[in-house]
Amino acid sequence: MSLYFQLLGDVEVFKNRKPHPVGPAGPRSVLVSLVLESGQPVSLDELITRVWGEYAPNSARSILHSYFSRLRTALAGEYQIARRGHGYAIDVPAEQIDVHQFRQLAGKARLSPDPAETLLLLDEALSLWHGEPFPGMETPWLIGARNSLCAERDEMLLDRTDLQLRLGRHAHVLPELSVRAEQHPFDERLAGQLMLALHRNGRQADALLHFQRTKTQLAEELGVDPGAQLRAVYQAVLRDESVEGRQAGLPADLPRPSSRTDGAAPPLVPRQLPAPPRSFSSRKGELAALTEGPAPVSVIVGPGGVGKTWLALHWGHEHADRFPDGQLFIDLRGFDPSAERVHPDAALRAFLTALGTPNAAIPQDTASMSGHFRSLTADKRLLIVLDNALDTDQITPLLPGHPDCAVLITSRNRLTSLVTGHDAQLIGLDVLDEADSRALLVSRLGSPRATAEPGAVTRLINACAGLPLALSIVIGRAYEHPTFSLASLADELVDATSTLNALEVDTDLGIRPVLTTSVAALPDAPAKLLNLLALVPGADVALDAAASLSGTNYAATRTSLRVLERASLVQQHQPGRYRLHDLVRAFAQEQAYETVDETLRSAALHRITCFYLHTLIRAMSLTDPGRPPISPAPLPDGCSPVPVRDVDGARRWFAVEVENILAAQARAEEFGWHESTWQLAWGMSTFFSVRGDLHELAVTWARALPAARTLGDRGAQILSNRQLAIANARLGHHDRALEFLTEAIEIARSSNDAVAQSLNWIGKCEIELRQGRSEDAISTISAAWRAATDQPAAIRIRISNDFAFALAQLGKYSEARKRLEHSFRLVDEANAHALRATMLDTLGHICVGEGQLEQAVDHFEEAAELMATEPFGLPDTLFTLGNTYRNLNRHDAAVKNLGRAVALFRKQNRERELRQAQEAFDEAISERRAALKNGG
């Protein structure tokens with residue numbers, strides 16, 4: 001093979017070392033996407049995302065196939081773009097792709113024991129780069145791939161510099177290091193390398209000056225101090241020590257204080273850890289992170305009462321032997337309502353005293369005390385537990401200077417600056433799952449008592465929602481009243497509010513006091529947002545929805561959510577999506593009803609309802625552009641819907657938000673917001689129909705119909721009745737469906753609404769066809785066709801297609817084909833290609849009736865592919881396709897398609913069709929087995 005693929009720079013294909021044309025940017029993007037995968041298949045949907053991002057055209061699949069054709073021609077038959085599984089792949093040997101060559105050389109360099117050989121391998125790898133990878137390709141996936149490759153290159157450059165410094169080539173690397181340090185001013189490893197090179201070239205002052213410059217930039221731009229390793233380089237340069245470079249770009253072994261030889265008494269060994277918790281739940285993952293994590297500083301973060309201190313103490317006692325020089329502990333009281341938080345000065349004095357420093361020898365200012373503490377701990381292996389910290393300012397002076405000391409910090413705030421500034425690992429502590437909650441209760445209550453009332457134990461677990469503090473309070477109640485049944489305790493916890501009441505104790509360790517202290521520490525805006533979030537009807541909320549809820553802009557809302565997240569009062573469980581713990585929600589709801597005026601509460605809920613409604617209507621209009629539009633109520637001030645841009649974006653948004661939209665509709669119904677109630681149903685109906693979510697379709701329109709009647713909106717009543725008819729018909733409830741449709745037809749007749757009446761007739765035709773009443777269906781659809789002369793093209797196409805299908809059911813194939821040809825002409829004229837899949841399915845039925853099974857298979861296959869994103873009708877097409885393959889004795893294809901039909905019918909809860917498909921599937925398997933037995 002003579003083709004070579006260059007991605008590290010302009011995308012080029014070389015044949016015999018000469019550029020070989022591969023076409024414009026589109027085909028090149030496809031080529032990059034496939035070549036990077038090393039022969040692994042990429043689905044069409046994934047390729048669309050990679051090539052176009054969120055702005056894919058409606059014809060993206062067709063365009064991709066044209067790109068494949070161009071690339072097959074350009075690759076001159078040497079490499080094939082092949083269909084593999086559900087995707088496409090290209091098999092190119094690694095040595096023919098510069099990216100894979102680069103990575104292979106990097107792997108060889110890591111394994112080489114010879115520094116000189118390693119340097120040659122690194123130089124060879126870096127020589128493959130000719131600029132930024134695939135410039136000008138700016139979709140999110142391609143940008144991410146480019147950034148990942150650049151990160152690999154930058155890491156290799158740093159490794160090469162470390163090696164050159166170890167080989168004494170400090171003069172050689174200095175010019176390049178100076179340029180790169182200017183380009184990457186926040187890279188502390190690079191800064192350390194430049195300082196070493198300057199120092200070894202006799203420029204100690206410049207090295208120290210560069211440290212000060214880096215320190216200033218880090219403080220002003222990022223709000224952090226230099227990390228421990230860069231500070232260690234600074235200290236070594238300051239002392240004019242001979243420093244050896246290592247991979248981190250830092251001194252390999254800084255001198256440590258020598259052992260005492262003055263005959264003085266050995267230093268005290270403090271053992272300050274409080275007693276470990278009597279019973280401790282699993283927390284295996286978090287314990288493993290503390291044990292195996294590389295960072296000497298760990299921040300355990302979570303809401304009040306989640307068990308942060310328990311985890312720290314349990315781990316500390318379990319691993320005390322790792323710290324022969326002792327354990328230091330202090331409660332910094334960051335959220336204590338009854339006392340001021342502990343100042344770093346007080347904490348440092350306590351630690352210095354514990355380490356044997358006389359009071360007279362303790363410095364007076366914070367910086368000097370902190371420096372003395374680092375000196376004392378530099379030759380020790382200590383565990384330092386800083387409990388209940390409020391912020392980084394309280395922590396930073398208490399951190400030792402050597403990684404042999406481990407620091408455990410607990411806080412309700414996330415303290416992310418410790419991660420960026422001190423290489424800390426962040427361990428988020430969530431509530432306990434059901435199994436761990438049960439284990440904790442059983443271990444404390446005793447197996448006999450817990451086993452005697454398993455149902456009560458489950459109720460207690462559910463009420464406490466996995467919060468260890470709540471479980472401990474329940475356990476305490478059980479201890480106080482050993483003769484009480486657990487069921488009687490569970491009876492106190494019937495809902496979230498009563499749970500808060502029942503979990504009150506006489507100390508400041510109840511649920512309300514713990515949450516009160518957390519909320520009291522919040523600024524005003526985040527505190528107000530927390531109260532409003534508790535009123536949200538759905539399970540979680542996105543940033544854009546939260547902004548409309550609060551009536552503020554995205555930036556202000558994001559800031560408040562970050563404050564709440566740092567305080568562990570909300571959890572960002574997915575990027576950009578936030579939720580509340582059940583007990584936090586209950587507490588915040590109490591606060592909202594006590595402190596937020598009813599008018600303000602109602603306005604906030606109205607804004608978020610309008611947010612969902614207006615975004616939904618925009619999304620629906622993109623997904624079903626031929627549907628007659630509606631006019632929602634004007635947007636209230638402070639409400640900003642999502643600017644959905646395309647069909648794929650609309651579907652993604654709905655898939656994520658559907659549960660919240662359903663909850664918003666239920667809340668609108670509860671509040672008597674009738675217009676929003678039926679309009680939300682209108683917005684959801686197309687999505688539910690194409691997904692086959694028939695029960696949800698019925699539920700939403702069952703809410704809409706009473707609202708429409710209350711409003712006296714005849715158009716909304718027609719629509720609600722018709723949609724309920726369609727949902728019930730597809731669920732097999734034909735008589736109930738006809739009741740709704742009869743009401744819709746009568747209202748449309750009395751209103752002289754011709755368009756609505758045509759849609760009613762289409763619905764009636766569908767029901768009659770499902771009942772096997774083809775003659776009645778012909779009569780119904782004929783009346784619809786006669787009345788549709790001046791109606792929108794989409795309606796006439798649907799009528800014409802249904803007409804053709806009904807004729808085919810009666811065996812009138814020639815007449816059906818003529819009617820369908822008319823439908824295809826209308827589609828082309830009106831550019832209504834979304835209806836093409838249904839028409840191809842009808843054409844397939846006609847071909848089956850005419851005995852043209854191979855042509856039928858082609859039409860059904862194309863219809864099924866087009867229906868992939870609108871799957872309600874897909875199982876019907878697959879069912880007919882599978883049976884057509886059976887008639888052709890193509891047994892594998894029959895089993896495959898009938899199996900898919902069974903799965904989709906089951907998902908859509910279509911019981912009658914499911915039984916038919918399951919029977920056909922079983923028969924197809926038997927037929928395949930018989931064919932194999934007979935050698936067929």
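Let's start with the overall build: the chain has 42 helices and 14 strands. Keep in mind as you look around that this is a predicted model. Laid along its principal axes, the chain has C-alpha atoms that fill a box of roughly 110 × 85 × 65 Å. It holds 936 residues, and 51% of them count as buried. You can also ask who touches whom. Take the contacts with a separation of 6 or more: 65% of them are between residues 24 or more positions apart.

Now go to the beginning of the numbering, where you'll find some strands. Here an open sheet of three strands has the order β1-β2-β3, and the pairing is antiparallel. Which strands stand at the edges? Those are β1 (3-6) and β3 (18-20); each has a single partner strand, so one side of each is left without a neighbour in the sheet. Neighbouring strands here aren't lined up perfectly either: ignoring direction, they are turned by 40 degrees against each other on average. Zoom in on β1 and β2 (residues 12-15), and you'll see an antiparallel pair joined by four bridges. One of the partnerships to look for is Gln6 with Glu12, the latter sitting in β2.

Next, move along to a pair of helices, α24 (residues 524-533) and α25 (residues 543-550). Their axes come within 10 Å and cross at roughly 100 degrees. Angles of 65 to 115 degrees count as roughly perpendicular, and that makes α24 roughly perpendicular to α25. Who makes the contact? From α24 come Leu529, Leu532 and Leu533, while α25 supplies Ala546, Leu549 and Ser550. Sorted by class, that gives five nonpolar residues, one polar and no charged ones.

Leu533 turns up again if you look at Arg585, a residue in helix α27 (residues 582-595). Is Arg585 buried or exposed? Its relative accessible area is 16%, and the cut-off for buried is under 20%, so Arg585 counts as buried. Leaving out residues up to four places away in sequence, Arg585 touches Leu533, Ala534, Val536, Gly538, Ala539 and Leu580.

For a contrast in accessibility, try Leu711, which is found in helix α31 (residues 694-711). With a relative accessibility of 41%, Leu711 counts as partly exposed. Its contacts, again not counting residues up to four places away in sequence, are His674, Glu675 and Trp678. Look at His674 in particular: it is 37 residues from Leu711 along the chain, but the C-alpha atoms of the two are separated by 6.9 Å.

Our last stop is another helix pair, α33 (residues 734-751) and α34 (residues 754-770). Here the axes come within 10 Å and cross at roughly 160 degrees. How do the two helices run relative to each other? Angles over 145 degrees count as roughly antiparallel, and α33 and α34 are therefore roughly antiparallel to each other. Their crossing is left-handed. On the α33 side, the contact is made by His734, Ala737, Leu738, Leu741, Ala744, Ile745, Ala748 and Arg749. On the α34 side, you'll find Ala756, Gln757, Asn760, Gly763, Lys764, Ile767 and Arg770. The classes in this contact are eight nonpolar, four polar and three charged residues, whereas the contact of α24 with α25 has no charged residues.

Terms used. Residues numbered from 1 in each chain as written. Predicted model: local features only at pLDDT ≥ 70, side-chain atom pairs only at ≥ 80, totals over all residues. Heavy atoms only, no water. Axes fitted to C-alpha atoms, helices over the stretch in contact; angles between N-to-C directions. Parallel < 35°, antiparallel > 145°, perpendicular 65-115°, else oblique. Left-handed = near helix turned anticlockwise from the far one by under 90°. Contact = heavy atoms within 4.5 Å. Nonpolar A, V, L, I, M, F, W, Y, C, P; charged D, E, K, R; others polar. Pairing = 2+ DSSP bridges. Buried < 20%, exposed > 50% of the residue type's maximum accessible area, 1.4 Å probe, protein only.
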